[in-house]
Protein chains: 2
Amino acid sequence: MADYILGVDGGGTGCRATIADTSGKVLGTGQAGPANIMTDMDTSVVNILSATDAALLAANLPVHSYSRITACLGLAGANVSGVAAQLQQALPFANSSVVSDGIIALQGAIGDADGVVVILGTGSVYISRRNNSVTMKGGWGFKVSDLGGGARLGQKLIEESLLVHDGIYKRTPLSSALLKHFDNEPHAIVRFAHDARPNDFGQFAPLVFEYAAQNDPLADKILKQSVETIEAALDASMHDDQPVLSLIGGLGALYGPRLSVRYQPRLRTPQADALTGAVALAAKLYTQTAQS
Amino acid sequence: MADYILGVDGGGTGCRATIADTSGKVLGTGQAGPANIMTDMDTSVVNILSATDAALLAANLPVHSYSRITACLGLAGANVSGVAAQLQQALPFANSSVVSDGIIALQGAIGDADGVVVILGTGSVYISRRNNSVTMKGGWGFKVSDLGGGARLGQKLIEESLLVHDGIYKRTPLSSALLKHFDNEPHAIVRFAHDARPNDFGQFAPLVFEYAAQNDPLADKILKQSVETIEAALDASMHDDQPVLSLIGGLGALYGPRLSVRYQPRLRTPQADALTGAVALAAKLYTQTAQS
């Protein structure tokens with residue numbers, strides 16, 4: 001049996017795996033449940049191997065043939081000290097590298113270039129590569145960070161709409177749309193917010209962009225504030241010698257045109273997704289280990 | 001046995017009761033567990049009666065002598081439709097009135113005057129009385145409201161300090177103090193924030209005021225923003241013919257001097273606490289029912 005490479009993209013909502021030949025040609029993909037390595041290492045290992053088996057199966061390769069696989073796994077929480085090393089030891093692959101999910105996203109979006117990638121999904125994370133050194137900012141979670149992410153946009157929209165309901169701020173079409181969603185009943189909002197997870201707040205983020213396209217004053221205000229936080233983080237992350245900037249995640253394409261003119265010349269459409277980035281990094285690892 | 005009046009101040013953390021004679025003279029007080037009438041009506045009734053019994057006991061009156069009692073209960077969540085009426089029916093007192101905790105706080109702080117009372121504790125609520133009509137704003141909870149409350153101040157402090165940690169904002173003595181509290185370890189902050197309740201965030205609010213007294217730029221920025229939200233709510237709550245403004249709750253006295261000059265002439269130290277307000281309202285109810 002020949003050697004294979006494996007890329008894994010995993011986090012709290014699930015993990016996806018792609019098996020490829022050593023030239024990088026994709027042979028099969030698979031998915032499985034969450035890989036929350038900070039809170040549940042054992043289940044994470046089970047799900048990572050289950051996604052791997054699904055990929056092997058899809059590629060018509062024997063499952064459990066781990067000893068010929070060189071793997072790169074990009075996982076949320078892998079930057080927490082000790083956790084990545086612990087997982088690496090538990091994995092049965094010939095070689096494996098466990099990195100933060102930001103690293104595979106960076107590789108997928110801009111390849112080997114120097115530059116900055118911003119993940120703008122439910123949360124917001126800034127990943128900067130410069131002279132082979134990678135630094136990350138943000139991504140500390142909904143409650144105390146990630147001001148550019150969809151969860152905070154949705155939360156802010158609800159907050160402002162309640163102030164409109166209370167007669168403190170002026171009504172706009174967007175605040176009316178949000179309040180109508182909750183039947184103009186603030187107690188329904190309170191009940192929603194009590195149990196809401198970041199994703200639940202994030203569902204309202206597209207509404208903000210939709211109304212901003214119609215120059216809704218509340219939508220403009222919310223996005224102006226979040227773009228300011230994104231640009232402050234960019235200014236701290238990006239140097240003149242980093243020619244590429246790429247915004248990824250569900251809101252990346254929506255935010256792009258809203259960044260100030262000075263960022264526009266560097267903006268690039270992402271080349272590929274994070275899973276593809278993991279496969280590319282696994283291929284690099286294979287080349288390195290084959291040479292050593 | 002003579003008639004008595006009872007005031008109760010209750011919410012999610014506990015309830016307190018005061019028994020008084022019909023002239024308003026306090027005879028005894030007692031306390032018991034939470035009265036969360038929105039989520040657990042049965043337990044609330046048990047705890048309200050248990051606090052009442054403790055007050056009767058302290059007054060050397062026979063416990064369970066409910067049929068001679070006229071009561072006013074101020075409870076968090078009583079403004080949710082139907083809940084107050086449901087509790088009122090379940091109570092064994094001769095007469096009882098169930099009102100929002102804001103109503104007894106208003107009565108305690110400014111008596112019968114027209115004016116505005118702001119509860120600035122973990123959350124923030126605005127209660128306005130004008131020509132015998134009472135309106136309330138805010139108080140929808142930590143996640144989507146209560147921008148002037150201590151929980152939001154503490155959350156904002158942590159958020160800004162993480163941005164300092166990431167090199168996005170400049171360090172100030174306050175951000176250094178906050179980060180040092182978490183051993184300069186952002187993952188410790190993430191773990192804290194994951195399980196933190198509003199009270200847990202609120203513990204950092206006094207730190208913001210403490211550093212603002214030393215003109216810390218971050219403390220000034222955080223308080224400037226929260227004072228703006230408080231003043232916007234005041235401007236929507238207060239009319240020229242409402243001569244009195246009183247800030248109550250743990251942060252009320254700290255916020256007072258920070259309000260703009262135009263609010264200062266109306267500012268009054270609160271006359272009494274919410275429990276005393278409940279007793280006063282129970283006395284009014286007794287007079288009304290005795291006359292009818």
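This dialogue walks through the interface of chain B with chain A, helix α4(B) and some salt bridges in a predicted model.

Reader: How many residues of chain B and chain A are in contact?

Author: A residue count is a plain way to start on an interface. Here 30 residues of chain B are in contact with 31 residues of chain A.

Reader: What area is buried between the two chains, and which residues of chain B supply it?

Author: The area buried between chain B and chain A is about 2700 Å². Carbon and sulfur atoms give 63% of that area. On the side of chain B, Trp140(B), Lys143(B) and Val144(B) supply 29% of what the chain buries against chain A, more than any other three residues.

Reader: How many polar contacts and salt bridges cross the interface?

Author: The rule finds 14 residue pairs in polar contact there, both residues being at pLDDT 80 or more. The salt bridges between chain B and chain A number two. One of them joins the side chains of Arg152(B) and Glu159(A), at 2.6 Å from N to O.

Reader: Which elements of chain B give two or more residues to the side that touches chain A?

Author: They are β8 (133–138), α4 (150–165), α6 (186–195) and α9 (217–237) of chain B. Among these, α4(B) gives the most, with seven residues. By kind, the residues on this side of chain B divide into 18 nonpolar, seven polar and five charged.

Reader: Then take α4(B). What span does the helix have, and is it mostly covered or open?

Author: The span of a helix can be set against the value expected from its residue count. With 16 residues, α4(B) reaches 22 Å from its first C-alpha to its last, close to the 22 Å expected at 1.5 Å a residue. It is mostly covered, as 14 of its 16 residues are buried. The helix is followed by Gly167(B), which has a positive phi near 80 degrees.

Reader: Which salt bridge lies within helix α4 of chain B?

Author: Glu160(B) forms one with Lys156(B), their closest N and O atoms being 3.6 Å apart. Both residues lie in α4 of chain B, four residues apart, about one turn of the helix.

Reader: Why is Glu160(B) called buried and Lys156(B) partly exposed?

Author: The cut-off for buried is under 20% relative accessible area. Glu160(B) has 5%, so it is buried. Lys156(B) has 22% and is therefore partly exposed. Both residues also belong to a network of salt bridges that links Arg152(A), Lys156(B), Glu159(B), Glu160(B) and Lys221(B).

Reader: How many salt bridges are there over all chains, and which one links distant parts of chain B?

Author: A search of the whole structure finds 26. Arg16(B) forms a salt bridge with Asp273(B), with 3.9 Å between the closest N and O atoms. Arg16(B) is in strand β2 (residues 14–21), while Asp273(B) is in the loop between α10 (252–255) and α11 (274–291), 257 residues apart. Arg16(B) is partly exposed at 31% relative accessibility, and Asp273(B) is partly exposed at 35%.

Reader: What does the salt bridge of Glu231(B) with Arg262(B) tie together?

Author: The closest N and O atoms of this pair are 3.9 Å apart. Glu231(B) lies in helix α9 and Arg262(B) in the loop between α10 and α11, so the pair ties together parts 31 residues apart in sequence. Glu231(B) is buried, at 10% relative accessible area, whereas Arg262(B) counts as exposed at 52%.

Notes
Residues are numbered from 1 along each chain as its sequence is written. Chains are lettered from A and ligands numbered from 1 in the order in which they are written. This is a predicted model: local features need pLDDT of at least 70, side-chain atom pairs count only at pLDDT 80 or more; totals for chains, interfaces and linings use all residues. Side-chain values use heavy atoms; hydrogens and water are left out. Contact means heavy atoms within 4.5 Å. Buried area is the accessible area (1.4 Å probe) that two parts lose on being put together, summed over both. A salt bridge is a side-chain nitrogen of Lys or Arg within 4 Å of a carboxyl oxygen of Asp or Glu. A polar contact is a pair of N or O atoms within 3.5 Å; within protein, one must be able to donate a hydrogen and the other to accept it, and residues adjacent in sequence count only if both atoms are side-chain atoms. Ala, Val, Leu, Ile, Met, Phe, Trp, Tyr, Cys and Pro count as nonpolar, Asp, Glu, Lys and Arg as charged, and the others, Gly among them, as polar. The expected span of a helix is 1.5 Å times one less than its number of residues. Buried means under 20% relative accessible area, exposed over 50%, partly exposed in between (1.4 Å probe, protein chains only).
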